[in-house]
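Here's a quick tour of the strands, the ligand site and a few odd backbone spots. Keep the structure open while you read.

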Amino acid sequence: MRTVPDFPEPGVLFRDIMPLLADPVVFAEVVAALAADAPGPIDLVAGMEARGFLLAAPVAMALGAGVVPVRKAGKLPGPVASATYALEYGTATVEVQPFTVPDGSRVLVIDDVLATGGTAAATVDLLERCGAEVVGLSFLVELGALRGRDLLPGRAVDVLLTL
Ligand code: 5GP
């Protein structure tokens, strides 16, 4: 993993996971570990745009589950359900196609990095409004100092690496 100062903007210390995914052995180990930690049977794996997609699809395959993309606003043809959350400056919106999330489906949410938790909390809210049961969230990396877990009280949060 690389640590890149001032990306994507000044003052941000960005953890670049791409070298891990580019290594076939490490990529396979990451996918296997995320799948092994899944809390019980999973119907759908929801991956957050865009690096979450790279992990959600292979984990879904490993679990025999389907995959649902959680996308930034305006990327998915409707109907969509959306959730808006606060950023340091402004807001962001995430969307899913609710017809891809059957009522009561057991959903595992996957992303590369848990930072402040805003994206993950909005994703949980969005999927549950669509009728899902979010049974857990899994991340490759948790940035512990940012306390993202505080926005996910009572949730099963699994991380492979805490920085
Ligand atoms: P949060 O909403 O938890 O603050 O931010 C999480 C989202 O931003 C995730 O979708 C994640 O991909 C991205 N993100 C935030 N910080 C980093 C970082 O240092 N490295 C990477 N790879 N992604 C990050």
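T84 has T93 as its bridge partner in strand 6. Keep in mind that this is a predicted model. The T84 pairing sits within a busy bit of sheet: strand 5 (residues 81-86) and strand 6 run antiparallel, joined by 6 bridges. Between the two strands of this hairpin there are 4 residues. Look at G90 here, too, since it takes a positive phi near 95 degrees.

Strand 6 (residues 91-96) also pairs with strand 4 (residues 66-72), again antiparallel, through 2 bridges. Here K72 finds its bridge partner in V94 of strand 6. Strand 6 thus shows up in both pairings, with strand 4 and with strand 5.

Now for the ligand. Which pocket does the ligand take up? The space it fills is the largest pocket. There are 13 residues around the ligand, and the ones that come nearest are D111, D112, T116, G117 and T119. By type, the shell splits into 5 nonpolar, 4 polar and 4 charged residues. Three elements each supply at least two residues of that shell: strand 2 (13-16), strand 7 (106-114) and helix 4 (118-129).

A few polar contacts with the ligand are worth a look:

| Residue | Atom on the protein side | Ligand atom | Distance |
|---|---|---|---|
| R15 | backbone N or O | nitrogen | 2.7 Å |
| R51 | polar side-chain atom | oxygen | 3.0 Å |
| D111 | polar side-chain atom | oxygen | 2.6 Å |

How much of the ligand does the protein cover? On its own the ligand has 500 Å² of accessible area, and the protein covers 84% of that. D111 turns up twice in this part of the story: it is listed with the nearest residues, and its side chain makes one of the contacts in the table.

Last, some backbone oddities. As a rule, most residues other than glycine have a negative phi, and most peptide bonds are trans. Where does this model depart from that?

Start with the peptide bond from E49 to A50, which is cis, with omega near -10 degrees. A50 belongs to the loop between strand 3 (44-48) and helix 3 (51-63). Another cis bond runs from G78 to P79, with omega near 5 degrees. P79 is placed in the loop between strand 4 and strand 5.

Then there's D6, a residue other than glycine whose phi is positive, near 60 degrees. You'll find D6 in the loop between strand 1 (2-5) and strand 2.

Key. Residues are numbered from 1 along each chain as its sequence is written. This is a predicted model: local features need pLDDT of at least 70, side-chain atom pairs count only at pLDDT 80 or more; totals for chains, interfaces and linings use all residues. Side-chain values use heavy atoms; hydrogens and water are left out. Two strands pair if DSSP finds at least two bridges between them. A residue is near a molecule or strand if one of its heavy atoms lies within 4 Å of it. A polar contact is a pair of N or O atoms within 3.5 Å; within protein, one must be able to donate a hydrogen and the other to accept it, and residues adjacent in sequence count only if both atoms are side-chain atoms. Accessible areas come from the Shrake-Rupley method with a 1.4 Å probe; for residues, only the protein chains shown count as cover. On a 1 Å grid over the protein atoms alone, a cavity is a set of points where a 1.4 Å probe fits but cannot get out, and a pocket is an open set with protein on both sides within 12 Å along at least five of seven lines; lining residues have an atom within 4 Å of a point. A molecule sits in a cavity or pocket if more than half of its atoms lie within 2 Å of its grid points. Ala, Val, Leu, Ile, Met, Phe, Trp, Tyr, Cys and Pro count as nonpolar, Asp, Glu, Lys and Arg as charged, and the others, Gly among them, as polar.
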